[in-house]
Amino acid sequence: MLADRLKTLQPSPTLAMQAKAKAMRAQGIDVISFGAGEPDFDTPRHIKNAAIQAMEAGQTKYTEVGGIPELRAAVRHKLKRDLGLEYTSDEVTVSCGAKHTLYNIVMSLVNPGDEVVIPSPFWVSYPEQVQLLGGVAVSVATSESTGFDLDPAAVRRAVTPRTKIVVLNSPGNPTGAVFSAAALKDVGELAVERGFWIVSDECLTYEGRHVSIASLSPEIKARTLVVNTCSKAYAMTGWRLGYAAGPKPIIKAMTDVQSQVTSNPTSIAQWAGIEALAGPQDEIAKMVGEFDRRRRFIVGALNAIPGVTSVMPKGAFYVFPNVSALFGKRWKGGILKGSSDVCAFLLDEARIATVAGIDFGSDAHIRLSYATGLETIKEGMSRMAAAVGRLEG
């Protein structure tokens, strides 16, 4: 009955775990969720005020499909201010979140059989979007020993004449890894040499100034689509506002696709986005500082649990601890054989919700989001340590 393309499609495991934790809470069960990557901060007041003012001014109608000119100008301003990148208005498009932006890119560029190279561990939606549209997702491993840095040699080995895109997620989900400038430059030069496109999905960075691959040379910029969102940095997940900047023909194609699928992003969200991107950034700095405190605590707490090890993430708000030393241990639910078993064990025994690493390309790990209060993180880590301590074998 359903279309063949849906035969391999998997629902988002992150959203599934979030829904399960909410259902358990509704039953009166005290569950701490480390599942979804959603900041616990409220959207800053000045951003909400901009939306209110837009509504009162009657800005509630259809807009240009790819975003109002004022918002595209704000995107250009942000990219120049933060990354030193310059784009024209027709090299920017705005959509209903970064996930929607990424889908528009794949829809615009990938034909059936085209290959998309994706460093692993990876965000779960990358391969699913590629496969949904008939492309072939090619996974390229990164190493925990390097902090999951990009491996240019591995990318080069994976690139074939069928390669259409290399996806670079830095800072990354689920690892929080920030790819080194040297590795980015090598892959960027490979893109220029071999003629594939780079999709650079970018987010929060803690350590030093963020380096976008598009900033490394004009030739690399010409092969790159920079993707970002208001969701994470500005605590605007529900507003659904993402954007891309890149070569004019691809941006036009993405906008044309969007015109037949969603039309414009929500009008009032766009006016809020202008204030987010071009307005005061003080609240954002405060949020980043708090995320920094949380990541340092959670990494220390995880590494203090026997059988669990974690590298320090350099961006985003995820940690990706290795739990493979727990495999083979026993609990009332059976023997831990993989990351899904560990997540089931932690939910049942510790009442904490995590996400299995197998869904991100590594069964040796689980993912936790530390986008929740520090006291909640402390309680969750205490529960996890106690539960792991009760394992047998």
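**Entry 1: the nonpolar cores**

Which residues touch the most other members of the largest nonpolar core? I began my notebook with that question, and I remind myself that this is a predicted model. The residues I was after are Tyr234, Ile298, Met381 and Met384, in a core of 66 residues. I then looked up which element gives the largest share of this core, and found helix H11 (residues 282–303) with 8 residues.

I picked Met384 for a closer look. Leaving out residues up to four places away in sequence, I listed Leu302, Ile305, Val308, Leu346, Ala350, Ile352 and Ile366 as the residues that Met384 touches. There is also a second, separate core, and I noted its 35 residues, among them Ile118, Val130, Ile250 and Met254. A reminder to myself: nonpolar side chains tend to be buried together in soluble globular proteins.

**Entry 2: the cavities**

Next I went looking for enclosed space. A probe the size of a water molecule, rolled over the atoms, shows where empty space is left. How many cavities of 30 Å³ or more does a search of the whole structure find? I wrote down 3.

The largest cavity holds about 110 Å³ of space. I counted 17 residues in its lining, and those closest to its centre are Pro119, Pro121, Phe122, Asn169 and Phe179. Strands S3 and S5 each give at least two residues to this lining, and the largest share, 3 residues, is from S3. Sorted by class, the lining has 11 nonpolar and 6 polar residues, with no charged ones.

The second largest cavity has a volume of about 70 Å³. I found its lining to be Leu102, Ile105, Val106, Val116, Tyr126, Gln129, Val130, Ile165, Val167 and Val199. Helix H4 (98–109), helix H5 and strand S5 each supply at least two of these lining residues. By class I noted 9 nonpolar residues, 1 polar and no charged. I was pleased to meet Val130 again here, as it is also one of the residues of the second core.

**Entry 3: cis bonds and positive phi**

Now for the backbone. Most peptide bonds are trans, and most residues other than glycine have a negative phi. I searched for exceptions.

Pro121, already on my list for the largest cavity, follows a cis bond: the peptide bond from Ser120 to Pro121 has omega near 5°. I located Pro121 in the loop between strand S3 (115–120) and helix H5 (125–132). Another cis bond joins Asn173 and Pro174, with omega about 25°. I placed Pro174 in the loop between strand S5 (163–169) and helix H7 (181–194).

I then noted two residues with positive phi. Ala235 has phi near 50° and belongs to the loop between strand S7 (224–229) and strand S8 (242–245). Ser263 has phi near 60° and is found in the loop between helix H9 (248–259) and helix H10 (267–278).

Is Ala235 buried or exposed? I read a relative accessible area of 8%, so Ala235 counts as buried, the limit being under 20%. Ser263 has 28%, and I therefore entered Ser263 as partly exposed.

**Entry 4: strands**

Strands of a sheet pair through backbone hydrogen bonds, either parallel or antiparallel. I started with S8. Strand S2 (residues 92–95) runs antiparallel to S8, joined by 4 bridges. S7 also runs antiparallel to S8, again with 4 bridges. Which residues stand opposite Ala244 in S8? I found Thr93 and Val227.

I also checked where the S8 side chains go. Gly242 and Ala244 point one way, Tyr243 and Ala245 point the other way, and all are buried. That goes with a general habit: in a regular strand the side chains alternate between the two faces of the sheet.

Last, I looked at an open sheet of 3 strands, with the order S9-S14-S13 and antiparallel pairing. Its edge strands are S9 (318–319) and S13 (355–356), each pairing on one side only. Between S9 and strand S14 (residues 366–369) I noted 2 bridges, and Tyr318 stands opposite Ser369 in S14. S14 starts at residue 366, and I had met Ile366 before, on the list of residues that Met384 touches.

Technical notes. Residues are numbered from 1 along each chain as its sequence is written. This is a predicted model: local features need pLDDT of at least 70, side-chain atom pairs count only at pLDDT 80 or more; totals for chains, interfaces and linings use all residues. Side-chain values use heavy atoms; hydrogens and water are left out. A nonpolar core is a set of buried Ala, Val, Leu, Ile, Met, Phe, Trp, Tyr and Cys residues joined through side-chain atoms within 4.5 Å. Buried means under 20% relative accessible area, exposed over 50%, partly exposed in between (1.4 Å probe, protein chains only). Contact means heavy atoms within 4.5 Å. Two strands pair if DSSP finds at least two bridges between them. On a 1 Å grid over the protein atoms alone, a cavity is a set of points where a 1.4 Å probe fits but cannot get out, and a pocket is an open set with protein on both sides within 12 Å along at least five of seven lines; lining residues have an atom within 4 Å of a point. Grid points are joined across faces, edges and corners, and a volume is the space filled by probe spheres set on the points. Ala, Val, Leu, Ile, Met, Phe, Trp, Tyr, Cys and Pro count as nonpolar, Asp, Glu, Lys and Arg as charged, and the others, Gly among them, as polar.
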